[in-house]
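Subject: Structure for you to look at

Dear colleague,

I am handing over the structure we spoke about, and I would be glad if you opened it beside this message and followed along residue by residue.

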Amino acid sequence: MEENKMYYKGKPKYQLTPKTSDWMHELFNEQSVVKGLVERYGSPINVHHLPSFNNNCELYKQVFESYGLKYRIFYARKANKSRGLVKQAFASGIGVDTASFKELEQSLALGGNSENLVLTAAIKTEPQIELAIKNGVPIILDNQDECVLTQAIANRIGLKAIVGFRISGFTVDQEKLYSRFGFDVDEVVNFIASYVGDNKSFDMLDVTGLHFHLDGYSTYQRSVSLVTSIQIFSKLKEKGYSMSFIDIGGGILMNYLEDEKEWNTFNEQLKNSVLEDSNDITFNNNGLGFRLEDGHLRGKLNTYPFFNAINKESFIREVLDFMDAQSGLSVASLLVKNGVELRIEPGRSLLDQVGMTVAKVIHRKKDAKGQWLVGLEMNMSQMMSSSADFLLDPFMLYNSEVEKNENVDVFFTGAYCLERDVLLKRKITFPRLPAIGEYVAFVNTAGYMMHFFETEAHLFELSSNLMFTGSNEKLSFFQFIDDAKIALEQ
Ligand SMILES: *Cc1c(COP(=O)(O)O)cnc(C)c1O
């Protein structure tokens with residue numbers, strides 16, 4: 001065992017060591033502060049470190065500046081509902097991508113305006129569109145019905161709507177990428193030319209840009225789609241539309257893990273254990289997407305790809321450095337040459353290293369299989385994504401030094417009355433059994449894990465969100481601001 005200390009990373013059979021930041025360890029080392037926060041705000045708490053968010057904003061800015069590009073960055077706030085991050089986005093000089101009436105309304109009340117907001121909601125209601133038009137916020141249009149509605153509202157209130165057109169159906173390697181969103185790339189120029197502009201059906205729509213957001217994480221598909229978008233952009237410009245931007249949405253990969261080898265080993269071992277029907281890695285044999293069928297391994301790992309060598313700024317570089325064979329120019333050069341302002345809407349990747357969820361241990365028990373189950377005061381919806389599991393080793397904060405390593409295997413269980421409320425599907429090994437009242441920390445949870453699927457079943461309170469400004473002084477309870485108390489302007 002390492003030197004005697006008060007906190008330990010869990011060490012399952014196949015470790016997945018998360019990337020962590022100094023602020024997280026600072027907090028682990030000041031358990032009186034953690035205790036104060038959990039006692040005050042209730043378990044679990046979500047802690048957000050604002051300087052880390054600012055760092056991510058700076059990384060993206062630097063990449064674009066190194067290419068001499070015109071750019072704008074919008075933080076996709078659907079990835080985390082906290083107000084404090086919206087305020088920090090504005091303070092860091094970036095904008096916010098809003099996707100509902102309330103996201104837009106609240107972002108306006110937190111300092112948003114026509115320059116730093118965009119509305120990309122999948123379903124756009126009349127109040128949303130009206131609010132956007134009145135505030136000059138660009139609306140990303142998805143279909144003809146939205147054009148009709150936006151035109152009608154703009155007419156009624158006598159203000160033009162600034163709009164971008166969402167496009168999809170790019171052809172990459174002879175195959176058309178399907179999406180339920182947007183106008184088809186092959187039809188959008190005709191559509192706009194026929195219906196949008198003075199003396200046409202949609203004369204209250206002022207088109208200024210194009211938008212796409214691709215499913216998945218391919219930089220190659222993004223490069224090819226960007227090249228096609230630039231061609232559409234110039235055609236529309238030639239037709240007299242005042243085009244200024246192309247927005248490539250989000251889906252920029254981030255990296256959660258320290259070690260690629262650990263990731264590969266885990267993947268191999270999970271497959272082996274499912275194939276050999278000897279899965280002692282996860283709760284009740286959960287294959288996390290893999291299954292055994294007639295002796296064959298089927299399925300695939302149904303989680304986010306937690307390790308990524310190419311991520312954040314290098315991901316953007318890969319998109320921009322792609323050489324377009326037809327023009328012999330890179331995507332970046334094509335953007336500059338055509339005077340395009342490149343926009344991105346990262347959600348998850350701007351939240352890298354920003355958040356952490358801490359919950360309190362309530363009970364320990366052995367189930368009928370002799371496995372230790374450690375009950376936490378939180379539920380599955382408070383750390384949930386579309387992934388089959390959150391594949392990061394958690395940290396155990398002990399209230400006294402651990403004397404000897406007992407190698408105890410545990411599963412963390414939650415408060416919902418469902419058999420499947422098991423917070424991490426992997427079996428985690430700790431030096432000793434967690435005691436009642438001790439804390440478990442799950443790191444890097446700010447992107448989607450905290451809020452996207454959080455529900456109030458059983459009438460449990462929603463978790464509290466705390467904004468931590470960081471400081472050079474000794475940590476204290478008072479450096480953590482309750483997000484619910486952040487004021488909205490009227
Ligand atoms: C979800 C979404 C984003 C953010 O995606 P991330 O994967 O979190 O970066 C950005 N733009 C649109 C249109 C989206 O739907």
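Below I go through the ligand site, then a pocket, and then a few details of the backbone and loops.

Please keep in mind throughout that this is a predicted model, and that every value here was computed from it.

**The ligand site**

Around the ligand there are 13 residues, and those that come nearest are Lys78, Gly251, Glu345, Arg348 and Tyr448. Three of these make polar contacts with oxygen atoms of the ligand that you can look for on the screen: a polar side-chain atom of Tyr448 lies 2.5 Å from an oxygen atom of the ligand, a polar side-chain atom of Lys78 lies 2.8 Å from an oxygen atom of the ligand, and in the case of Gly251 a polar backbone atom is 2.9 Å from a ligand oxygen. As for how much of the ligand is covered, the ligand taken alone exposes 390 Å², of which the protein buries 87%. If you sort the surrounding shell by residue class, you will find three nonpolar, five polar and five charged residues.

**The second largest pocket**

The second largest pocket has a volume of about 520 Å³, and its lining is made up of 19 residues, with Arg77, Lys81, Ser82, Gln106 and His451 lying nearest the centre. The elements that contribute two or more residues to this lining are the helix α5 (101–109) and the strand β24 (464–468), and α5 gives the largest share, namely three residues. By class, the lining of this pocket holds eight charged and eight polar residues together with three nonpolar ones. It is also worth following the chain here, since domain 1 (7–50 + 353–483) and domain 2 (51–253 + 306–350) each supply at least three residues to the lining.

**Details of the backbone and loops**

Which peptide bond should you look at for a cis geometry? The bond from Ser43 to Pro44 is cis, with omega near -5°, and Pro44 sits in the loop between α2 (31–41) and β2 (45–49).

Another backbone detail is found at Gln353, a residue other than glycine whose phi is nevertheless positive, near 70°; Gln353 is placed in the loop between β17 (341–344) and β18 (355–366).

Finally, please look at Asp367, which belongs to the loop between β18 and β19 (372–376). The side chain of Asp367 reaches the backbone nitrogen of Gln371 at 2.8 Å, while a polar atom of that side chain lies 3.0 Å from the backbone nitrogen of Lys369.

With best wishes

How values were computed: Residues numbered from 1 in each chain as written. Predicted model: local features only at pLDDT ≥ 70, side-chain atom pairs only at ≥ 80, totals over all residues. Heavy atoms only, no water. 1 Å grid on protein atoms, 1.4 Å probe; cavity = no way out; pocket = protein on both sides within 12 Å on 5 of 7 lines; lining within 4 Å. Points joined across faces, edges and corners; volume = space filled by probe spheres on them. Helix = DSSP H or I, 4+ residues; strand = E, 2+ residues; numbered from the N terminus. Nonpolar A, V, L, I, M, F, W, Y, C, P; charged D, E, K, R; others polar. Domains from an automatic or database assignment. Near = heavy atom within 4 Å. Polar contact = N/O pair within 3.5 Å; in protein donor to acceptor, adjacent residues only side chain to side chain. Areas by Shrake-Rupley, 256 points an atom, 1.4 Å probe, with all protein chains shown as cover.
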